[in-house]
Amino acid sequence: MNGVVSDKFSVSPMHLLFVMYVSLVSSGTMSFQHDIAFSAGHDAWISVIIATLYIALLVWMMFFILNRQKQEQAYLVSINNRYFGKTLGTAVNLILILYLVIGSFVAFRNYLQIIHVWVFPHSTTWPIGLFILLIVYYAISGGFQSVTGLCLWGTISIFIFIIPQLITVATRLHLDNILPVFNHPIAEIATSSKQMTHEFTRCEILLIAYPFIREQKKAKRWAYWAVLVCGLLYLLLSMYAIVYFSQGQLEQISWPTLSLFSTLDYPLMQRMETLLITIWIVKILAIISLGLWAACHSMKLTTKTKQRTSLKIFMGVIVILLYFTKNEEQAQMVTNLYSSVGEYVLFLYIPLLFAISLFMKKRLKEE
Amino acid sequence: MQSSQHELTTIDEFLAACRQSSDFITIDLSFMLTAPTTFKLSYYKTLVDKAKLSHIIKSLQEVEPSASLTRIEELVAHIPIDGIQLTDEVETIQSGVLKGFLLVHNDKELHLNALVPLISKNGLRTSNETEEEFSVVGPKVGFVEDVDYNLQLVRLQLNSPDLIIKEITVGTLSKTRVSLLYLKEAANQENVAKIEKRIKSLNFDVIFDTTQLDQLIADNSFTPFPLFITTERRDRVVYSLILGQVAVVCDGSPYFITGPSNLFDFFVSPEDYYTPWLLGSFFRAIRIFGVVFSMLASAMYVAIITFHYDIIPKELLGRLVYSRQSVPFPPLVEALFLEITVEFLREAGARLPSRIGQTLGIVGGIILGQAAVEASLTSNVLIIIVSLSALASFVTPIYKMSNAIRFLRFPIIFLAAIWGSLGIALGVTIIIIHLSQLRSLGYPYTVPFFPLRTKDLKDSLVRSSYSKINSRPSFLKPATTIRYVPKKAKVKRDFDEE
């Protein structure tokens with residue numbers, strides 16, 4: 001499959017906003033404040049800004065890498081094959097594919113955990129899990145356009161819901177919680193920032209989805225918009241958590257966003273967190289589908305496996321992983337493993353690709 | 001391909017086949033003028049217009065004796081009717097005679113026959129008031145079962161040579177005339193070609209209605225959603241045409257289908273354009289809210305009663321518990337019972353004559369509902385919800401869409417009974433995925449939302465003012481984009497200044 005994808009399967013550049021948004025905002029949105037507040041305390045919001053800036057830099061690097069390729073070869077699999085040679089490139093590709101599948105699984109498993117704790121504490125979650133996987137299969141079988149559609153609705157639905165809630169909560173905040181600013185040493189903020197980048201471990205999907213974007217020159221802007229929107233969302237949510245909960249509470253609460261919403265009540269509705277979890281499902285389905293789609297597509301480009309076949313295999317992998325992660329500790333273990341691999345991708349792999357493409361450019365000039 | 005009809009190769013064979021039927025008549029007309037000649041007039045008496053026929057015979061008898069009348073051409077010159085065809089092709093003659101043409105032939109000239117159009121329009125409805133898509137404001141012109149009349153109605157309003165009508169014959173037995181309409185300056189030729197190709201490649205016996213055609217040429221048959229707008233309103237068809245869509249109608253059907261259409265077209269009523277844009281937008285929003293409500297209300301009741309009784313406030317919960325305390329069924333059974341009752345009422349009401357239908361509404365709606373509550377079969381809160389959602393499902397201007405909505409309610413109720421609100425969300429997500437995979441004539445169904453076309457949002461959920469919606473929707477890829485040039489916006493003046 002060479003060349004830029006035909007109009008029938010591609011999407012217009014604006015949709016990169018939704019694809020990137022979905023790949024950057026994952027199930028961690030419910031709990032990241034808890035993680036980053038451990039080291040940086042009430043200065044954790046600074047680390048959100050730092051991490052977002054780093055992601056913006058990564059997006060810039062990825063576009064730089066993509067622009068160094070021939071237009072019809074500007075996608076991850078071909079870049080790896082070109083930079084690392086056939087054998088090593090294939091190995092890197094397979095690792096990345098596995099990484100994407102595990103990424104989908106982590107989002108999926110964390111969401112099931114939320115369902116288990118917040119909605120159905122007394123029943124098992126595997127039936128709804130399997131049903132979610134069936135829907136994911138249906139979504140991916142429609143191709144990239146269908147997955148993008150899911151991303152779009154996932155993005156819009158959550159924004160329509162979350163913004164009014166945040167405005168309602170605004171009256172109950174203790175703004176002085178945020179003072180004194182810069183009260184933590186740089187090292188702690190750096191640790192917290194590194195923790196924060198775990199939320200962005202799916203950003204390399206840009207390299208895979210890029211051939212499916214029409215008028216690629218206009219696409220850049222939308223990717224940055226996505227980073228900005230995500231950054232603002234994370235910043236708002238972290239600030240809210242810091243000024244709403246005390247430091248001690250934040251270290252206790254596993255899902256600060258959900259706890260924040262659970263305090264709201266309206267004349268016709270209470271327990272807004274149930275509604276949030278319900279609407280969040282569209283988003284989670286979008287994340288899982290996007291990750292698995294990227295994995296299947298890369299698999300096809302690497303080993304020429306049919307996407308239908310590889311999708312079934314990956315779903316099997318997820319079901320097996322689901323079977324083996326029965327309790328929260330095991331799920332946490334997989335998440336931690338995924339995050340540490342994610343650090344290598346964010347801090348080593350993409351910068352490495354960037355460095356090589358800088359070097360390649362030079363070599364071309366010398367010739 | 002095996003055909004049930006054997007090919008009739010000569011005219012005599014064809015006439016012999018026709019004579020087996022008692023309504024096929026051949027009369028001899030003899031003129032003993034210059035030379036003795038006998039002409040034969042053959043026709044189906046059930047198909048021709050008798051007044052016209054007697055008029056022809058009368059005028060033929062009044063021909064001056066000196067005129068030469070030996071050949072069909074000469075005879076035809078005396079027939080006071082337009083559109084006479086001279087032909088020798090058996091196929092043309094066959095289809096003509098079967099449509100109500102009069103065949104003029106004589107035994108001498110086997111190779112030349114005349115077809116005189118005498119098509120009778122008796123037995124067709126003449127009242128063309130809209131029956132299904134009412135509007136309070138605006139014209140009430142609808143279509144009838146005659147294609148010529150319908151096309152005349154359209155052409156009278158679209159007064160331009162740009163309106164092109166193409167005719168295609170479909171149906172091995174019915175030979176139905178299918179007309180394809182488009183506005184040359186608006187429609188994308190690719191769409192026209194696509195729809196024409198789909199119609200031409202059809203293999204079907206009898207086309208009863210345009211809605212059948214709709215399903216036969218749709219992109220995807222495994223969907224509850226209608227992929228083409230079906231309408232009986234003239235203003236709606238004309239509006240689609242000027243936006244750049246293609247319309248199709250078949251003879252014998254009062255419905256046009258227009259396409260490519262998208263989901264939001266089904267929430268548009270022509271009335272939106274006859275009321276000020278603020279109100280038009282408001283009513284459109286009400287319609288969309290109604291549809292969402294109608295799809296989710298009963299399912300939400302089931303979900304809340306079964307799982308999430310903590311999400312509603314205590315005061316309301318008290319009412320709910322009180323109204324349902326003596327109901328012996330789980331919420332799912334209760335909801336299904338009422339939903340199916342409403343479906344019965346709707347289906348029975350649609351099949352019965354309108355007068356009995358009214359009685360049925362009273363018996364079903366009031367007596368049954370009241371009795372069901374008193375017998376503690378359902379709670380009265382659910383009665384309110386179900387009747388509200390039944391009401392809300394009828395707010396869509398296109399009936400087919402409300403069918404789809406009512407159908408989709410049932411799976412969502414089941415999902416709600418299994419997984420509560422999560423089940424509802426999963427059901428809605430499946431619908432969302434399904435919608436974003438649907439195509440109408442190859443165009444995405446949820447446009448302008450997905451794929452996002454920001455320019456076209458101004459006439460989707462809302463109806464902007466006429467100065468804003470002067471261009472055709474860009475997702476239709478129209479031949480020309482501008483419909484009209486609006487007056488230039490006024491310069492913004494400060495208060496109390498000229």
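**Notebook: strands, rings and cores**

I started with one strand partner: B:Gln85 stands opposite B:Leu115 in E5(B). For the record, I am working on a predicted model, where local features need pLDDT of at least 70 and side-chain atom pairs count only at pLDDT 80 or more, while totals for chains, interfaces and linings use all residues. Residues are numbered from 1 along each chain as its sequence is written, chains are lettered from A and ligands numbered from 1 in the order in which they are written, and side-chain values use heavy atoms, with hydrogens and water left out.

**Strand E5(B)**

I took helices (H or I, at least four residues) and strands (E, at least two) as DSSP runs, numbered from the N terminus. Two strands pair if DSSP finds at least two bridges between them. By that rule, strand E3 (residues 85–87) of chain B runs antiparallel to E5(B), with three bridges. Strand E4 (residues 101–105) of chain B is also an antiparallel partner of E5(B), over four bridges. There I noted B:Val104, whose bridge partner in E5(B) is B:Ala114.

Next I checked burial (buried is under 20% relative accessible area, exposed over 50%, partly exposed in between; 1.4 Å probe, protein chains only). E5(B) spans residues 113–117, and five of its five residues are buried. Side chains in a regular strand alternate between the two faces of the sheet. Here I found B:Asn113, B:Leu115 and B:Pro117 buried on one side, and B:Ala114 and B:Val116 buried on the other.

**Strand E7(B)**

I then looked up E7(B), residues 176–183, and found eight of its eight residues buried. One side carries B:Thr176, B:Val178, B:Leu180 and B:Tyr182; the other carries B:Arg177, B:Ser179, B:Leu181 and B:Leu183. Strand E6 (residues 163–170) of chain B pairs antiparallel with E7(B) through eight bridges, and B:Ile164 faces B:Tyr182. What joins E6(B) to E7(B)? I see a hairpin with five residues in between, and in the turn B:Gly171 has a positive phi of about 105°. E7(B) also pairs antiparallel with strand E9 (residues 246–250) of chain B, over four bridges; B:Val178 has B:Cys250 in E9(B) as its bridge partner.

**Ring pairs**

I counted rings of Phe, Tyr and Trp (its six-membered ring) as paired if their centres lie within 6.5 Å, with planes under 30 degrees apart called stacked, over 60 edge-to-face and the rest tilted. That gives 27 aromatic pairs over all chains. One of them is A:Phe161 with A:Phe261, stacked at 6.4 Å centre to centre and 20° between the planes. A:Phe161 sits in helix H7 (residues 143–169) and A:Phe261 in helix H12 (residues 256–262) of chain A, so this pair ties together parts 100 residues apart in sequence. A:Phe161 is buried at a relative accessible area of 8%, and A:Phe261 is buried at 0%.

I also pulled up B:Phe264 and B:Phe449, a tilted pair with 4.8 Å between centres and 45° between planes. B:Phe264 is in the loop between strand E10 (256–259) and helix H9 (277–306) of chain B, while B:Phe449 is in the segment after strand E12 (443–444), 185 residues apart. B:Phe264 and B:Phe449 are both buried. In chain A, ring pairs join A:Phe32, A:Phe200 and A:Tyr234 into a cluster.

**Charges over rings**

My cut-off was NZ of Lys or CZ of Arg within 6 Å of the ring centre and within 35 degrees of the ring normal. A:Lys326 lies over the face of A:Tyr323, 4.2 Å from the ring centre. B:Arg463 has its charged end over the ring of B:Tyr466, 4.6 Å from the centre.

**Cores and domains**

I used nonpolar cores as sets of buried Ala, Val, Leu, Ile, Met, Phe, Trp, Tyr and Cys residues joined through side-chain atoms within 4.5 Å. Which residues touch the most other members of the largest core? Of its 198 residues, I got A:Leu292, B:Phe225 and B:Leu422. Helix H14 (residues 399–437) of chain B gives the largest share of this core, 19 residues. Domain 2 (147–261) and domain 3 (283–443) of chain B both contribute, so the core lies between them; such bounds come from an automatic or database domain assignment. Another core, of 22 residues, lies apart from it and includes B:Ala114 and B:Val116.

The assignment also gives chain B a domain 1 (11–117). I read 63 Å between the C-alpha centres of domain 1 and domain 3 of chain B.
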